[in-house]
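Let's take a walk through this structure, starting with single residues and ending with two sheets. Keep the 3D view open as you read.

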Amino acid sequence: MASEAASTPAASTPATPADGPIVSAKNAAKKEAKRLEKEAKLAAKALKTAAAAPAGEKKAKAQKEKKEEEAPFVNNTPKGEKKDLTEPMAAGYNPIAVESAWYDWWEAQGFFRPQMGADGKPKPEGLFVLPSPPPNVTGSLHIGHALTVAIQDTLTRWNRMLGKTTLFVPGFDHAGISTQSVVEKRLYKASGQTRHDLGREKFLETVWDWKNDYQGRITNQLRRLGGSYDWDRVAFTMNPSLSKAVVETFCRLHEDGILYRANRLVNWCVRLNTTLSNLEVDQKQLTGRTFLNVPGYDAKEKFEFGVITSFAYPIDGSDEKIVIATTRPETMLGDTAIAVHPNDPRYTHLHGKFAKHPFLDRRIPIITDDIIVDMEFGTGAVKITPAHDPNDYEVGVRHNLPFINILNDDGTLNENAGEKFKGMKRFHARVAVVKALQDAGLYEGAADNPMQIPICSKSGDIIEPVMKPQWWVNCQPLTEQAIKRTRAGELNIQPKSSENEWYRWLEGMRDWCISRQLWWGHRCPAYFVNIEGQEQDRKDGKYWVVGRTPEEATERGQKLAAGVKFTLEQDEDVLDTWFSSGLWPFSIMGWPEKTPDLENFYPSSILETGWDILPFWVARMVLLGLRLTDTMPFKEVYCHAMIRDAHGRKMSKSLGNVIDPLDVIQGLPLEALHEKLYEGNLDEKEIKKARDGQKKDFPKGIPQCGTDALRFSLCAYSGGGRDINLEILRVEGYRKFCNKIFNATKFAMLKLDETFVPEPSAKPTGKESLVERWILHKLNIAAKEINQSLEERNFMVATGIAYNFWLYELCDVYIEAMKPMTDDSAAEATRKSAQQTLYTCLDHGLRLLHPFMPFVTEELWQRLPRRPNDSTPSIMVSQYPTFDEASVFPEAEKDFDLVFSALKTGRSLAASYNLQNDIQFWIRTQTDAEAQLFESQASTIVALTKNCKSAKVIRDLKDLPEGCGSAVLTPTVAVYLVVRGLVDLDVEIAKCDKKLDLAKMSLDKILKVESQADYETTIPANVRLANEDKRMTLEADIANLVQSKDMFAKLK
């Protein structure tokens, strides 16, 4: 409503220019998103300025603004029962009160369960299945998870309201490395113990306790966020049924020859003591010499990286030396060759010779290799360490070199490094090797070397390539199928930028190491067959069997042992987390069993997730889904943006910018934010840094915004980009939008008295007034464009359209315009028609908003009366508004847009003269149709203009009172405002002269264009038509300005 406070930052600013028609909903949505972004930044700046104000000034202001606090809301509704709404609506919007009780009632009523057709199959209206990406049980959800829930539940609720059978499956991921790591840290921080102190069984009990605690916390967060999950189907990756799927997959892939055991180079994290996949390794870019701390070493110790060290190997049997260079000097202890290019004349005489290792009893062959050696780089000689470098590994395979591992699992050097270095930690050994080279006279120097170093994404440790016997998945046949069937159109990936990355990742995917040296996870269903009396290599896969059960493994072991006595030893390793979560879309439906859920709800309709885990998770689901079910596991992948803070920084606990969505919903003082930092594993230094970050970003803490505002704002941010810079003040702005909806509905309900009964149908009767037809048309267009935007997954546009309809069309225009139509003096037919239109707008308007704002829409919709024979129990199972040809009124839109443009022009005139009371408009028209239109809408113009006394229509200028300011709307319509006695006449004459000069210049430009010889033949018709309209408007404006100037001159 025009008289009410702004609903978001600067929401009272008109959405359309004063001299133009009302803009389209889509354009308004885009502009609104940009405006809100700008306003949020300004508000943040103002908040920062306020925080820096003198103490006395802040105290005085606080005393001035202090209001009597309301008693905290207490939810008295018994769990699962419907909220009692017989009491009058509250004085103001309280999100905690509004959002109470509804979720438990929805769940108790079974609204979250899929509603099937009479035949027990999905309904003919369609099927929508969304498997929720299972959050890790490592800790509570952050604001990025809230974005996921907001988008997914919006899609689910929208499809449910479209009448489809919908299933939104919740679940949780055991997150092997991450969960074990966080529990180990917490254990050590609390008791000084390690997992080895507890033992495997006791430690796993501790992890299960952690899992149960955090699954409960996350469940509460998901409920508070309004996710309409079918909790009867909640899944966990280590539940028995899902674990069975993991075992079946491992065994089936092994039986098909896709899964194999091999001793190959892996990424080893010393800190976590486990293998990692390439996707779990970050690359840290160094520009040159850099000193870094390394986990597991003294915090005061820093080691040198970003340098290349040159040293010489003596040639065996001569005084000659060959110089090589390396960024990892300690690996020279594992060198087994020196490679030169076969065509390099500098080294031809050394082909087939040997170098002598200076610290070990080892002769190192000089080999030729035209793949790894670049003659133009460095000395043209390359040291080869096959057991500790991926490129060198390939050389070792090509030349059948020894693979010498010099590293223990704990990061110390083993006996292969020699007595002098054995037992040293790897980076201490680096320093020691350089010193030993210097002492031996073999050190040639070091230089800056821009490079990347591999970092464990979980622990921050520096990754070591080492040789390990592991279980691998041959990805080539799997990726070939995935690429082929994606290109065939079986999978739609949005946005398209992510699709391009999809193909790049699949084409570059190497074999996948699925072994992890952890305790928490699915233990490999693989068994070493220890045959009595035989020498066996555990690295060799031929001595291993797999089994779905110990019995099956024993049977296969018997065949392998061929009658000889044997024992089975199950592999201690567990499987990569992505191996189990890669089965998610079908394992949650009961696969490998042929269950009704698998038949009815697989494949899924869509997989919604962040673009950053396309290669981690989405690719695995597609590879395994196609292999195991011969079906693409989902038809669409939608990748949302990554949430960053208002400064564009990635969310990080140590920065203090990680936000719990519940803190945004409920609000949290700054001190309470500080206290939450101590719940994690941060050290004191990190806590101080985080506290400083929180104080800077949230000087007054986080304001209470509510779930609906949070969800709506997160969707409003989602327009297809890769990053979202989240500003909490923008979320608070949408809380004010919720307040606007609440108060507007509360006011509108006063217009629907106790005798009001809605018509059986929402279709127009044909007797509606112009403004009624206009708002019904706008409602219809909003429904059409919101549905279209949701189909296109453009949540920014969809929310913008809904926001624009409620704020700028329903509240600011119709609810104000209908006031005189519902007065006691209005005709009964007029009043009833206006009421019916209002009801339809409230009913459908709330439904349009419901997928984004489930709580406030349910609260308000439940207070509306129902149409006869409508027993719909909840807005969430009501019909979503769609486009209706019966509510298309283009002429009404055109006519009322002209009226609305006139009143906005009049408002601007009044504002330019600082006229705030007794406003009198005169509207001059030059056609009978326009005169009739404005005469019929005079009361609307008065109602929509604050302190407007009258709005009169004239055809002739002689009927215009003297002393009017004016503005031209179209070539045939001008608006006048009586200002006599309120203005400086000389100033007004000067204004007219200035405007005349500008108008004449603009007119001359158009006339010059139109006078071109080939104008009619070279300029498109639509451009010529627009130029003609501009020329006629300017000509009318000039005539009007001349008339106004003469009128002001006569008054002098």
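Histidine 341 sits in the loop that links strand S12 (337-340) and strand S13 (354-356). Please keep in mind that this is a predicted model. Is histidine 341 buried or exposed? Its relative accessibility is 11%, and because buried means under 20%, histidine 341 counts as buried. The side chain of histidine 341 comes to 3.0 Å from the backbone nitrogen of asparagine 343. Beyond its neighbours within four places in sequence, histidine 341 is in contact with His351, Asp369, Asp370, Val373, Met375 and Gly380.

Now for a residue in a helix. Alanine 561 belongs to helix H14 (residues 550-561). With a relative accessible area of 4%, alanine 561 is buried too. Setting aside residues up to four places away in sequence, alanine 561 touches Ile531 and Phe566. If you pick asparagine 474, 87 residues from alanine 561 along the chain, you will find the two C-alpha atoms separated by 27 Å.

On to the sheets. One open sheet has four strands in the order S31-S30-S33-S32, and its pairing is mixed. Which strands stand at the edges? They are strand S31 (948-954) and strand S32 (964-970); each has a single partner strand, so one side of each is left without a neighbour in the sheet. From one strand to the next, the twist averages 20°.

Within this sheet, strand S30 (residues 919-925) and S31 run parallel and are joined by six bridges. Look for phenylalanine 921, which stands opposite alanine 951 in S31. Two helices lie across strands of this sheet, as the table shows.

| Helix | Lies across | Angle |
|---|---|---|
| H28 (residues 890-912) | S30, S32 and strand S33 (973-978) | about 150° to S32 |
| H29 (residues 928-936) | S30, S31 and S33 | about 160° to S30 |

Another open sheet of four strands has the order S6-S5-S18-S20, with antiparallel pairing. Its edge strands are strand S6 (274-276) and strand S20 (512-513), each of which pairs on one side only. How many bridges link S5 and S18? Strand S5 (residues 259-269) and strand S18 (residues 464-473) pair in the antiparallel sense over 10 bridges. A handy place to see this pairing is asparagine 263, whose bridge partner in S18 is proline 469.

Definitions and conventions
Residues are numbered from 1 along each chain as its sequence is written. This is a predicted model: local features need pLDDT of at least 70, side-chain atom pairs count only at pLDDT 80 or more; totals for chains, interfaces and linings use all residues. Side-chain values use heavy atoms; hydrogens and water are left out. Buried means under 20% relative accessible area, exposed over 50%, partly exposed in between (1.4 Å probe, protein chains only). A polar contact is a pair of N or O atoms within 3.5 Å; within protein, one must be able to donate a hydrogen and the other to accept it, and residues adjacent in sequence count only if both atoms are side-chain atoms. Contact means heavy atoms within 4.5 Å. Two strands pair if DSSP finds at least two bridges between them. Axes are lines fitted to C-alpha atoms, for helices over the stretch in contact, and angles run from 0 to 180 degrees between N-to-C directions.
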